[in-house]
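Dear colleague,

I am handing over the structure we spoke about, and below it you will find a short account of what turned up in it. Please keep the sequence and the structure open beside this message while you read.

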Amino acid sequence: MVHSVRHTAAALFAVLFAFGAVGMPIGMPAQDVSFTASVSQNEVAEGQQFQVTFTLSGGSLRQHRNFSAPDLNQHFLTLMGPSTSTQMQFINGRTSSSISWTYVVQPRKKGTFTIPPATIEYDGEQIKTNSVQVKVVAGSGSQSQRGGGSQSGEDALNIDDDFYMRAVADKRTAYLGEPITVTYKVFSRVNFQFGEIVKLPRSIGFWAEEFEIDQPNRYPIEVIDGKQYQVLSIKRVQYFPTQSGELFIEPFEVSSVVRVRQKRRSSNNQIDRFFSDPFFDRYQNVEYTLRSQRLKIDVKPLPEAGMPESFKGAVGTYTMDVSLDREDIKANETASLKVKIQGSGNIKLLEGPDVDFPTSVDTYDPRIEDDMRSGAGRISGTRTFEYIFIPRFPGQLTIPPVEFSYFDYKKEEYVELTGDEFELDIAKGAPRDEANEPTQADVDYLAMDVNPLKQADGELRRRGETAVPISTMMLMYLIPAFVAAGGIAWKRRYDRIHGDAVGLRMRRATKTAEKHLAASKKYLDHKMIEKYYQEVARALWGYIQHKLTIPTSETSVEGVLAVLRNRNISDATIANTKEALDGIEYARFSPTRAEHAEMAELYDKARTAIVTIEQELRA
Amino acid sequence: MKHLFIILTLGTIITTAMAQEEKSPERILNQAAEQYSQADYERAIELYQSLLAQGYADPKLYYNLGNAYFKNGDLGKSILFYERAYLLQPEDPEIAQNLKIARARIRDRVEPIPLLVIVKWWNDLKTTSSASTLFLYSTILAWLLAGAIFLFYGFRNVLLRRVVLALGIVLIGLFAASVALVQAKNESLAAEDFGIIMPFEVIVHSTPDATAVESFKIHEGLKVEVLEEKDGLVRIRLADGKQGWISANELVLI
């Protein structure tokens with residue numbers, strides 16, 4: 001039995017030892033630690049990105065600290081990093097591990113540059129890497145030409161060729177008011193996601209109208225310079241120039257996140273090679289801002305020749321329909337004339353045509369109602385002008401035809417539209433009531449239709465359920481009252497138990513002093529000298545300290561007197577108090593020498609001091 | 001005997017419950033909306049009125065009924081029901097707007113006489129807030145007041161107590177006013193002193209007797225304050241302060 005236990009223990013030790021042996025190189029400060037710097041390419045083109053890697057290999061990964069990279073930004077632009085990676089290898093039964101820090105950088109200019117060494121503390125010792133030389137040669141130049149939009153200094157990720165945005169306008173010259181359709185297209189050869197779609201910037205001299213774009217499930221593919229691109233139209237906007245001359249449509253920005261592959265160093269190492277299979281490639285998400293280019297638009301003024309008198313700036317193609325709300329109108333009644341203009345163009349900027357009502361008719365400003373549709377690459381719809389008018393006299397009333405004209409930019413000519421003429425026979429109506437005529441505000445409400453019905457959701461209230469019941473009111477007012485009463489009661493109890501010891505002592509100081517004086521009187525009569533002095537001292541010192549809230553640590557007579565002076569106690573009282581206090585001090589050191597008369601005198605002095613201070617403090 | 005009574009009561013409860021199931025207010029409202037959408041406003045009005053007869057007094061119901069009357073060309077009644085809806089739920093923008101749209105069609109333009117600022121505030125608070133909103137204000141004030149009382153009686157700090165005392169006095173005033181406001185709103189919900197003129201045109205007389213002189217005319221939909229009633233006649237006052245007597249059946253109280 002014992003034997004087998006010993007065996008088991010031995011086996012256990014063997015196993016532990018075996019583990020220990022394997023673990024040792026990891027745990028022990030290893031002799032063959034190396035810290036090296038390397039670059040993915042020693043010769044790079046201008047603007048081409050490459051990797052700088054610092055690798056610590058061998059030894060324990062836990063024993064290093066304070067990795068510090070050299071200043072890479074002196075000659076290069078750091079795009080990413082540091083990204084750290086750790087590796088562990090078992091070769092011929094030996095374990096070795098390594099950790100590396102990788103930066104992705106881009107040269108700023110041509111030339112030969114040295115990457116200075118990085119430092120690290122390993123097992124308390126500082127070690128350095130080698131320095132590396134990188135030669136930057138002239139680039140192919142193709143990189144920065146393509147993207148007029150997204151190539152802007154710091155944010156260049158060198159994927160401009162693979163991911164950019166274009167503003168595509170259907171025309172570069174237009175008449176004043178003529179719509180220019182701009183489509184913002186994103187060309188992409190990378191994986192990406194859109195972040196926030198920023199609002200369209202305001203372009204001076206334009207009125208912008210955005211379209212909804214249906215996003216297809218699969219984006220169309222376009223081939224540009226032999227490369228395939230996914231093309232997304234992310235926004236379509238119609239711009240209506242409101243002034244002529246050379247105008248600019250400002251760039252549009254969209255933030256996005258791009259997934260880029262992080263290249264690994266090629267290595268002869270088997271495991272590395274295994275992991276360098278594309279399946280194991282590392283990806284990194286990088287923020288990237290897409291920016292379209294600024295568009296220059298030449299806006300021509302509308303031709304002066306042939307401009308009709310009724311022209312008020314309408315550009316596009318329109319039809320007009322003029323109608324009256326009813327024919328049988330009485331004098332002093334309100335009626336309305338509707339001018340409906342339908343078509344496409346700068347319809348949202350249309351002004352109402354002038355209607356020449358006869359002077360016998362009162363008129364108001366027209367009410368405008370819009371019904372817009374955007375589709376098929378243009379904005380179309382209807383704008384209705386409602387003219388409320390009140391004929392004042394019975395008889396024949398003629399409303400002359402309404403004239404509306406617009407500039408057709410396709411045909412480059414003006415078109416005039418004329419509505420019907422209305423001949424009305426106004427019947428005799430109620431006499432004019434000046435005081436009760438509608439105001440402009442009323443006219444707005446007169447033309448409005450009522451809001452739609454409300455849906456039946458939830459319980460309907462019954463009669464008697466509409467007011468707040470008295471019982472509810474009482475309850476809701478009593479709850480805070482009870483809470484306040486409870487709070488006060490609690491607070492007072494709390495104070496009694498915990499708090500305000502100082503105030504309490506102050507109020508009780510006189511009583512306590514009286515108690516001690518009475519006791520001392522008793523000791524005086526029984527000639528118990530030591531006890532007597534003790535009680536007198538307690539009476540006077542205790543009184544002064546508690547009454548004036550002097551801390552008990554303050555024991556000097558002068559200190560106490562100073563406080564008394566501050567509290568405006570009279571000099572006589574202070575003098576008396578001083579004598580009493582001095583007497584107590586003196587007696588404390590030589591109590592036995594005191595005579596009975598002396599002791600009785602001290603008692604009187606202490607008593608007088610307390611009484612007079614009490615009186616003077618109250619005054 | 002006792003068992004029979006229970007069975008009978010249960011039976012009544014079940015049958016009434018079933019009867020109500022058949023004509024639940026939601027169904028009637030939906031039916032009415034259906035009629036309304038088909039421009040059969042008469043039928044919609046009938047359905048809404050049947051709900052009123054069942055004792056419902058919901059702002060939604062009043063509003064929808066007001067709409068039906070409006071579409072049916074009955075301005076006076078539409079204003080009456082919009083006013084009733086507005087009284088219950090002044091915070092609802094649709095109710096307020098429909099009331100304005102209907103009011104714009106009243107023939108009379110009455111310029112209200114300016115009131116004392118404090119009276120105006122009081123009236124505005126009362127008319128533009130619902131009873132529950134006013135009650136919420138007063139409850140908040142009750143809690144603030146309770147807090148002030150706690151601070152005043154629970155602490156001895158002189159400065160704190162002085163500040164709290166001043167604050168408390170203000171709070172007492174505000175709280176009392178808010179309670180009075182809730183009460184006033186409750187009263188106006190129970191019985192409003194205002195009525196809506198129903199006939200197209202009403203002649204207002206200066207005195208209640210038969211030989212009264214015609215004073216002025218008012219029209220359908222106008223809101224007037226009812227001051228007193230005597231022998232089927234009522235003395236009314238317009239917002240501009242004009243007074244006179246009309247027949248009691250020429251107006252309907254809100």
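**Helix 7 of chain A and the aromatic rings**

The buried residues of helix 7 of chain A pack against three helices of chain A, namely helix 6 (529-547), helix 8 (571-589) and helix 9 (596-618). Please bear in mind that this is a predicted model. Helix 7 itself covers residues 557-566, and its buried residues are A:Val557, A:Gly559, A:Val560, A:Leu561 and A:Leu564. Just after this helix, A:Asn568 takes a positive phi of about 65°.

The aromatic rings come next, and over all chains the count comes to 29 aromatic pairs. One of them is formed by A:Tyr477 and B:Phe175, whose centres are 5.1 Å apart and whose planes stand at 85°, which makes the pair edge-to-face because planes over 60 degrees apart are counted that way. This pair joins two chains, because A:Tyr477 lies in helix 4 (residues 470-497) of chain A, while B:Phe175 lies in helix 9 (residues 158-190) of chain B. A:Tyr477 is buried, with a relative accessible area of 13%, and B:Phe175 is buried too, at 17%.

Within chain A, one aromatic cluster is formed by A:Phe35, A:Phe54, A:Phe67, A:Trp101 and A:Tyr103.

Lysines also appear over ring faces: A:Lys454 lies over the face of B:Tyr63, at 4.8 Å from the ring centre, and B:Lys242 lies over the face of B:Phe216, at 4.7 Å from the ring centre.

With best wishes

Methods: Residues are numbered from 1 along each chain as its sequence is written. Chains are lettered from A and ligands numbered from 1 in the order in which they are written. This is a predicted model: local features need pLDDT of at least 70, side-chain atom pairs count only at pLDDT 80 or more; totals for chains, interfaces and linings use all residues. Side-chain values use heavy atoms; hydrogens and water are left out. Rings of Phe, Tyr and Trp (its six-membered ring) pair if their centres lie within 6.5 Å; planes under 30 degrees apart count as stacked, over 60 as edge-to-face and the rest as tilted. Helices (H or I, at least four residues) and strands (E, at least two) are DSSP runs, numbered from the N terminus. Buried means under 20% relative accessible area, exposed over 50%, partly exposed in between (1.4 Å probe, protein chains only). A charge sits over a ring if NZ of Lys or CZ of Arg is within 6 Å of the ring centre and within 35 degrees of the ring normal. Contact means heavy atoms within 4.5 Å.
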